[in-house]
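Work through the following exercises with the sequence and the coordinates open beside you. Each task is followed by a solution that proceeds step by step.

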Amino acid sequence: MNNAQPSVFKKLIARPPAVVALCIIGLTCLLSIFAYLLVPDNTPSANRMVIELGARQPGFTKQLLYIPTSIHPHHYSRLFEWFNGTPSGYQASPINGYRFSGNNLIVHHYIDDGLEDTRYYPLATLLPADQLKEPLQAQQAWLQQHQLITRTFYLGTDRYGRDILSRLLVGSRVTMAVGIIAVLLSLTIGIVLGAVAGYFGGWVDNLVTWFINILYAIPTLLLVFAITLTIGKGFWEIFIAIGLSMWVGAARLIRGQVLALREMEYITAAHALGLRDMRIIFRHILPNIAGPIMVIAAGNFAAAILVEAGLSFLGFGIQPPHPSWGLMIKEHYNFLLTNRPLLALIPGLAIMLLVYAFNILGNALRDVLDVRA
């Protein structure tokens with residue numbers, strides 16, 4: 001078994017499309033894991049809104065003044081903030097320029113192109129009391145605290161002024177999480193039911209097949225809706241609902257594979273040696289259909305991404321303010337007819353690219369693991 005693995009891997013990397021697909025999937029996994037360490041907006045869910053900067057084109061640059069809020073957020077451990085973001089105690093305000101007047105900060109507040117107003121901020125509201133002895137010292141202390149930052153929005157901003165790049169990277173976590181959970185659930189249920197039905201046959205096979213045929217007649221989205229209404233419409237409930245709706249195809253394929261393998265001579269020999277049925281199934285049958293199982297996993301991963309995006313677009317998936325690629329399309333699909341089509345096209349292209357990568361990987365695995373080839 002160990003000798004076969006390197007040859008399969010070498011066959012896989014010998015296919016340029018499969019290598020590209022693996023690179024896309026691997027890069028998406030890394031970006032989703034380290035999202036909050038890489039994004040410009042590392043607040044929870046990348047949800048910092050700057051309403052004045054709504055629906056800006058990629059590459060838009062603006063100075064932002066960070067004003068302390070009256071609410072002091074609770075900071076958690078670095079590990080917690082790595083996975084959930086860092087709460088911010090500042091409100092971002094775009095400005096065209098600023099100047100000091102004693103212990104006051106005067107800024108030209110940006111409202112829109114060619115439109116601004118003047119706002120006054122006492123440095124006493126921006127700095128601790130021990131840094132307000134001299135006006136010049138207070139001004140230098142304020143500048144040293146980096147409360148004025150020039151930000152470039154490389155992919156532009158959405159309708160609420162949130163950074164699209166940040167929400168796209170943080171949203172990749174939802175996409176990868178739904179795929180992983182859906183694959184684990186669908187394969188676990190599909191392997192168990194399909195293997196039991198194919199191995200034992202008789203009334204067990206008839207019962208499982210009858211149940212599979214009923215679920216196969218229900219459209220996937222309707223089935224997910226029904227499961228969601230039963231277990232709730234939360235963050236993790238959506239993932240579980242998608243996984244519970246995708247095991248049917250896996251169970252049918254695995255049942256057919258087990259039906260063919262149970263008649264093989266080595267299975268007959270295992271029966272003659274007195275091995276238990278569960279040991280025969282999990283030690284001698286399932287390892288020999290690992291190839292089809294891997295192909296199913298790749299296909300289910302791609303299908304789960306599309307189902308989650310469709311649910312979020314319809315409003316039944318991930319709820320705001322959590323970023324989701326499908327939700328980003330829903331919030332901005334009407335911009336397709338304006339001069340800001342990238343607001344909907346960018347997450348749509350991300351979904352298309354990742355699903356395409358999983359489909360290419362599934363096809364490559366099917367060819368590489370086909371023993372008849």
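**Exercise 1.** In this predicted model, what is the order of the strands in the open sheet, and with which pairing?

*Solution.* Begin with the sheet as a whole: five strands form an open sheet, and their order reads β4-β3-β2-β1-β5, with antiparallel pairing. Next, locate the edges, which are β4 at residues 115-122 and β5 at residues 148-153, each of them pairing on one side only. Finally, consider the geometry, where the twist from one strand to the next averages 50°.

**Exercise 2.** Over how many bridges do strand β1 and strand β2 pair, and which residue in β2 is the bridge partner of Q63?

*Solution.* First take the two segments, since they set the frame: β1 spans residues 60-68 and β2 spans residues 90-101. These two strands pair in the antiparallel sense, over six bridges. Then look up the individual residue, and the bridge partner of Q63 in β2 turns out to be I95.

**Exercise 3.** How many disulfides does a search of the whole structure find, and why is C29 not bonded to C23?

*Solution.* The search of the whole structure returns zero disulfides. C23 accordingly takes part in none, its nearest cysteine sulfur being that of C29, 12 Å away. The criterion asks for sulfur atoms within 2.5 Å, and because the sulfur of C29 lies 12 Å from the closest cysteine sulfur, in C23, the separation is too far for a bond.

As a last step, turn to accessibility: C23 counts as partly exposed because its relative accessibility is 49%, and C29 likewise counts as partly exposed, at 27% relative accessibility.

Definitions and conventions:
Residues are numbered from 1 along each chain as its sequence is written. This is a predicted model: local features need pLDDT of at least 70, side-chain atom pairs count only at pLDDT 80 or more; totals for chains, interfaces and linings use all residues. Side-chain values use heavy atoms; hydrogens and water are left out. Buried means under 20% relative accessible area, exposed over 50%, partly exposed in between (1.4 Å probe, protein chains only). Two strands pair if DSSP finds at least two bridges between them. Helices (H or I, at least four residues) and strands (E, at least two) are DSSP runs, numbered from the N terminus. Axes are lines fitted to C-alpha atoms, for helices over the stretch in contact, and angles run from 0 to 180 degrees between N-to-C directions.
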